[in-house]
Amino acid sequence: MAVSTDQPPANPMFATSNSSRPTTAEKANSSVPVEPSQRSSSRPPSFVPSRKSVSTSPKDGPRFSTSDNGVAALDFQGSVDSNNDLPSLATIKKIENYHVLDRDGKSHTFRSLYTGKHVARRVLIIFVRHFFCGQCQEYLRTLSASITPDALLRLPLSTFIAVVGCGDPQLIDMYAQATNCPFPIYADPTRKLYQELGMVRTLALGEKPAYVSKHLIKSSLDSIITGIKQIPKGLANKAGDFKQIGGEFLFEPVDIQSPVNAVQWEDMERTLERATRENNEAAAAAAAERKRDSSGSRLEPDSDDKETSVGSNSKGIITKEKKIFGGQGHRPSEASIDGKHEEDEGEEKKVTWCHRMKTTRDHVEIPELMEVLGLDGQGEPIKDSRRWSKALETRKGTGFSMARRMNTMKAEAGA
């Protein structure tokens, strides 16, 4: 395959649209073996690593250089033919005590996102790109319009969603407001979870998915404006790695009959209400700050940033019908880096279904996500019949969730 020698644009803001072309690269002398996938035959990742990130030797094969934070520089210079092999229990055990940060900068173990006293039995964790990425913001807006916390928690097995980005946690409030996301959002600035779970880096744009409605130029400009707005706060360069792409991982009980952590709706509702109150206070403070900033600036917020968005009133206060948590929600906020209140809580979980992105806009489409989660419906159709038909027919992920078993449980309960 021929590889272009052109260099990507110098301004990283334009990287969100991936209008750049790959740099010169060479293939590694040997590939890394992987376990076969549960579904269909799966190949090892087919990639073209940059010379800077890979060295080879006849004895050892490719060696990936590591950055200062210990994350391997998996730097693919084009579309990534990544695999969707399910992470092993050993991998999950290895990363369960890695830490993510909530919007207040408080640290939580990764394990606490998918198991614990106030955590649903099934948790889908969505890894997004940097916090300025317009494509991922559109994905969460589309998802939030079709999948609600109430619908997930009322499934035969309580289900929930958590979102993880790779930027500074101080941007979580902005991100939650921009996406209308009703689920908790966390940050992994080290990107170690991305690395251990096999997610890689690329600027390849890929085909336009059904969840993207904005024109590429508009999306890119919005990303740039979002970054400019963060200059006064010193956060313009803290959105995260522009080349890091993400994926989706569904955590389900190892033993479905386990009586541990059978979440009751009332307990979850109390936790959600507390998080809503906290977020309302943060939203009011953010609205007041934007009002003060606008008095001395000509830069006006676009339609996505106005406080009149769905789920909020004219003052920007989030209503009960639309709970936006931004890093809180399905876990008490007092948990800290020492692991207190988190260690050894909850039942053991495993990843039963997953998908790793191959391009910068390759999240799983909403119809497939609703099917995997066991929800009725397919989401809101779009005007482009070709893209919508493809979204209905294509299945990107690998694995077998408990959705079918839950449908049986639902049918038996209704009989």
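Trainee: How many bridges join β5 to β8, and do they run parallel or antiparallel?
Mentor: Five bridges join them, and the two strands run antiparallel. Strands here are DSSP E runs of at least two residues, helices are H or I runs of at least four, and both are numbered from the N terminus. Two strands count as paired if DSSP finds at least two bridges between them. This is a predicted model, where local features need pLDDT of at least 70, side-chain atom pairs count only at pLDDT 80 or more, and totals for chains, interfaces and linings use all residues. Residues are numbered from 1 along each chain as its sequence is written, and side-chain values use heavy atoms, with hydrogens and water left out.

Trainee: Which residue in β8 is the bridge partner of I126?
Mentor: That's E248. β5 also pairs with β6 (residues 159-165), this time in the parallel sense, over six bridges. There, L124 of β5 has I161 in β6 as its bridge partner.

Trainee: Why is β5 largely enclosed by the rest of the structure?
Mentor: Six of the six residues in β5 (residues 122-127) are buried, so the strand is largely enclosed. Buried means under 20% relative accessible area, exposed is over 50%, and partly exposed lies in between, using a 1.4 Å probe and protein chains only.

Trainee: Which β5 residues point which way?
Mentor: R122, L124 and I126 go one way, while V123, I125 and F127 go the other, and all are buried. Side chains in a regular strand alternate between the two faces of the sheet.

Trainee: OK, back to β8. What joins it to β9?
Mentor: Seven bridges do, with β8 (residues 247-253) and β9 running antiparallel. One pair to click on is G247, which stands opposite R356 in β9. β9 is joined to β10 (residues 398-399) too, by two bridges, and those strands are antiparallel. In that pairing, C354 has T398 in β10 as its bridge partner.

Trainee: And is β9 mostly covered or mostly open?
Mentor: Mostly covered: seven of the eight residues in β9 (residues 349-356) are buried.

Trainee: Switching to the core. Which residues touch the most other members of the largest one?
Mentor: F110, I125, F127 and I147 do, in a core of 67 residues. A nonpolar core is a set of buried Ala, Val, Leu, Ile, Met, Phe, Trp, Tyr and Cys residues joined through side-chain atoms within 4.5 Å.

Trainee: What does F110 touch?
Mentor: Leaving out residues up to four places away in sequence, F110 touches I95, E96, Y98, I125, F127, L193, L197 and F251 (contact means heavy atoms within 4.5 Å). I125 and F127 in that list also sit in β5, on one side of the strand along with V123.

Trainee: Now helices. Why is α5 largely enclosed?
Mentor: In α5 (residues 172-179), six of the eight residues are buried, so the rest of the structure largely encloses the helix. The buried ones are I172, M174, Y175, A176, A178 and T179.

Trainee: What covers those?
Mentor: The cover includes β3 (99-101), α3, β7 (185-187) and α7 (216-229). Right after α5 comes N180, with a positive phi near 55°.

Trainee: Last one: where is S82, and is it buried or exposed?
Mentor: S82 lies in the loop between β2 (63-64) and α1 (89-95). It's buried, at 9% relative accessible area. Try its C-alpha against that of G198: they're separated by 8.5 Å, although the two residues are 116 residues apart along the chain.
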